[in-house]
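Q: Hi! I've just opened this structure and could use a friendly tour. Shall we start with the empty spaces inside?

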Amino acid sequence: MADQVRSADNLMQDFSLEITGKDVEGLREGALHIPAETRVNVTYLGNEDLELRVGAARAVLELGLVPVPHISARRIRSMEELKEILSKLQAIGATRNIFVVGGDPSKAEGPFADSLSLIQTGILPEYGVREVGVAGYPEGHPDIADQKLWEALTNKLDALEGQGLESSIISQFTFSVGAVQAWVEEVRRRGIEAKIRIGSPGPAGVKRLLGFARRLGIATNASMIKKYGFSVTNLIGSSTPDKFIQEAARELNDPNTGDIAIHFYTFGGVKDCVEWIHKFRGRP
């Protein structure tokens, strides 16, 4: 890699997917196009119960894929609830890789104010956890200052290393390759060597995509949207991330960027997403 420009194929080599508990049928329908042992993150939504999330992780395993269950720190109401979640996931063999995030609630529903406080309990290894993913924010966070984001990222990775756990970083999706490039360079400048999975929307309706972007505080403007590949005058259509991935591959061609892959947010369209990936990777 040090002697060649990073290609889109290399960037897509170890792609991962993100689904909700309700996306299992779509995952099954698209499974033919998903390489064995692909990572599939199972989100932690407030309107989905534990059984649904565990069932989704089980379905991922049954398809020969690797489940990465999410744990939303501020949604956990007690240490007992955290142990119950981990215990049920461990019972089906789905705790080796997890993703810990603060979560949507602005106020904690229990003892964990953020993902760091949950990691610092030290109980994750007791339930078979070996690798923990944490969040990264190329365009910052609407409610958290950049300095605090960097401090939190460093503290989480240090805490995981102290427990003998591997780590990775999954970024929020963005329309700006420039923002991704600057953020990745800063991650590496700070001496962080963890694998980075760059968040990208899969094929999605334009209105739906813009709605998610606004909710997450992700910058959108006409030039970014056009570069991403759809017309700002046609909000009825859908978009695909071809241009974003190709440009990211060109711009992230410095060997110092380290181990990088793409993480697809499927937004309920997992079957369409994996079919698009299959076509993109098989293009002439």
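A: Happy to help! By class, the largest cavity is lined by 7 nonpolar, 2 polar and 1 charged residues. Keep in mind that this is a predicted model.

Q: Which residues line that largest cavity?
A: The lining is made up of V42, T43, Y44, L50, R53, V54, P69, H70, I85 and L89. Two or more of the lining residues come from each of α3, β3 (66-72) and α4. The largest share is that of α3, with 3 residues.

Q: And how much space lies in the largest cavity?
A: About 60 Å³.

Q: How many cavities of 30 Å³ or more does the structure hold?
A: There are 2 of them. The second largest cavity has a volume of about 40 Å³, and its lining consists of R39, N41, V68, I98, F99, G133, S168, I170 and R197. Strands β2 (39-42), β4 (97-101) and β6 (166-171) each give two or more residues to that lining.

Q: How does the lining of the second largest cavity divide by class?
A: Into 4 nonpolar, 3 polar and 2 charged residues.

Q: Let's switch to pockets. What is the volume of the second largest pocket?
A: About 210 Å³. The pocket has 13 lining residues, and Y44, R53, R75, R77 and E81 are the ones nearest its centre.

Q: Which classes do the residues of its lining fall into?
A: The lining of the second largest pocket has 8 charged, 4 nonpolar and 1 polar residues. Helices α3 (50-62) and α4 (79-91) each supply at least two of the lining residues, and α4 gives the largest share, 3 residues.

Q: New topic: helix α11. What should its 12 residues span?
A: Helix α11 covers residues 270-281, and at 1.5 Å a residue it should span 16 Å. The C-alpha atoms at its ends are 16 Å apart, so the model agrees with that expectation.

Q: Which residues of α11 are buried?
A: They are V270, C273, V274, W276, I277 and F280.

Q: Why do those buried residues line one face of the helix?
A: Because, looking down the axis of α11, they fall within an arc of 160°.

Q: What covers the buried residues of α11?
A: The cover includes the helices α1 (8-12), α2 (24-30) and α10 (242-251), along with the strands β1 (16-19) and β10 (260-265).

Key. Residues numbered from 1 in each chain as written. Predicted model: local features only at pLDDT ≥ 70, side-chain atom pairs only at ≥ 80, totals over all residues. Heavy atoms only, no water. Helix = DSSP H or I, 4+ residues; strand = E, 2+ residues; numbered from the N terminus. Expected span 1.5 Å × (residues − 1). Buried < 20%, exposed > 50% of the residue type's maximum accessible area, 1.4 Å probe, protein only. Arc of directions from axis to C-beta. Contact = heavy atoms within 4.5 Å. 1 Å grid on protein atoms, 1.4 Å probe; cavity = no way out; pocket = protein on both sides within 12 Å on 5 of 7 lines; lining within 4 Å. Points joined across faces, edges and corners; volume = space filled by probe spheres on them. Nonpolar A, V, L, I, M, F, W, Y, C, P; charged D, E, K, R; others polar.
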